[in-house]
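User: I've got this model open and want to talk through a sheet and one residue. Can you walk me through them?

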Amino acid sequence: MPIARHFSQVVTALGLMCFSSVLSRAESPAAWLESESAQLTQLYKELHQSPELSLQEAETAKKMAAELKRLGFQTTPEVGGHGVVGVLKNGAGPTLLLRADMDALPVVEETKLPYASQVRTKDKRGATVGVMHACGHDMHMTNLIGTLRYLVAHRDAWQGTLVAIFQPAEELGAGAKAMLADGLLVKFPRPDFALALHVSADRPAGTLACRTGYALANVDSVDITLRGRGGHGAYPHATIDPVVMAARLVLDLQTIVSREVKPIEPAVITVGSIKGGTKHNVIGDKCELQLTVRSYAPATRKQLIEAIKRKTLATAASADAPEPEIEVSEGTPALWNDPDLGERVLPAITRVLGADNLHDAEPSMGGEDFGRYGKAGVPILMMSLGAVSQERLNQYKESGTPPPSLHSSKFYPDPELTIKTGVKAFTAAALELLKKPGT
């Protein structure tokens, strides 16, 4: 049964009395947001105007740490780099981890918003680049801060321990790994559950979507250097042409998915970059390829990498070329949303957003390192938060152009409704998981 229809039936049959009894002792998140959303929107705009690249999130981390300290959290900075961890104990009960990511992208913003980023900085190569929150991490931080502000102001509505983390370097697939390696689950209370939100560029603001089970993919990068023997373009017989080898390999790689992987198993091999040669009449000595490889199942992930290596070695051997260099770097593991956790929190979210605003999410071949917390043994659930007004989506449709995607220089959320929806969803889930006994 589709997740939205199932939970709408659950809501109508059960639960209203339980949830109402909690909120009867406290101001509802919706009512609280009427007076608080302006401040949260201003916080969002400040974060949007001051983005920092992955591994450079020092000032953002300071701002998040200051917010946590002001709210009374025991706050620890510099966890796994610029990561920030806040712990707030509110009596006996389960431990809930809420996560937001902090890093931005090397993109020159072209939204023409009055609060658009004007930041320029040096990347790791020393080149000057723009910096933009083109993936919504500023919205993720704002939603988390809003949720924490509500929960701190309404401690009588819940019981247990909150662990709030602001994570660096999600865009590199490195931040979660670094925080875990630095003892996130050992130095701090080990969470019984972990939740996160991620904005969607093509879903209406005011809505939320989720799927349990596999939701996002394994992400691996493969760098291949094919080596040949350079020479004059007029005398190809005296050379081993690495560009021709690369052309053959690109086509051969596509047969891995189409002819070797079981058709019902999701898999993608994309050659995103080819670099070879210097001049019209020069055959170079090497050609470099960069691949992104996506999958869900661990066995499929292993199969894809092994097949890429095999095809690459065969390409070189068929041209009597030197052995190529193949470097595989793991990005993120597939994200598995815990079905039991979804079964518990999604009805609570449906009650506050309405059944018409909770949708079924399709599986995606995108990646997110939040999945690492699940791989570490913590039940996780990441939800997709609509971020673009229905009016703007209608305009895109009428013009025949798709809405700007995440990572686009033209992507931006509509702040107020997105913030209200995210905070209401996060708080509903937290109140459900941290319910007082007997409520």
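User: How many bridges join β12 to strand β14?

Analyst: First, the ground rules: this is a predicted model, where local features need pLDDT of at least 70, side-chain atom pairs count only at pLDDT 80 or more, and totals for chains, interfaces and linings use all residues. Residues are numbered from 1 along each chain as its sequence is written, and side-chain values use heavy atoms, with hydrogens and water left out. Strands are DSSP runs of E, at least two residues, and helices are runs of H or I, at least four, numbered from the N terminus; two strands pair if DSSP finds at least two bridges between them. β12 and β14 (residues 286-295) run antiparallel, and the bridges joining them number nine.

User: Which strands are at the edges of that sheet?

Analyst: The sheet is open, with four antiparallel strands in the order β12-β14-β10-β15. Pairing on one side only marks the edge strands, β12 (267-276) and β15 (325-332).

User: In β14, what is the bridge partner of Thr-270?

Analyst: β14 covers residues 286-295. There, Thr-270 is bridged to Thr-292.

User: Is Ile-380 buried or exposed?

Analyst: Ile-380 sits in strand β18 (residues 380-388). Leaving out residues up to four places away in sequence, its contacts (heavy atoms within 4.5 Å) include Leu-335, Trp-336 and Phe-370. Buried means under 20% relative accessible area with a 1.4 Å probe and protein chains only, exposed is over 50%, and partly exposed is in between. Ile-380 has 1%, so the verdict is buried.
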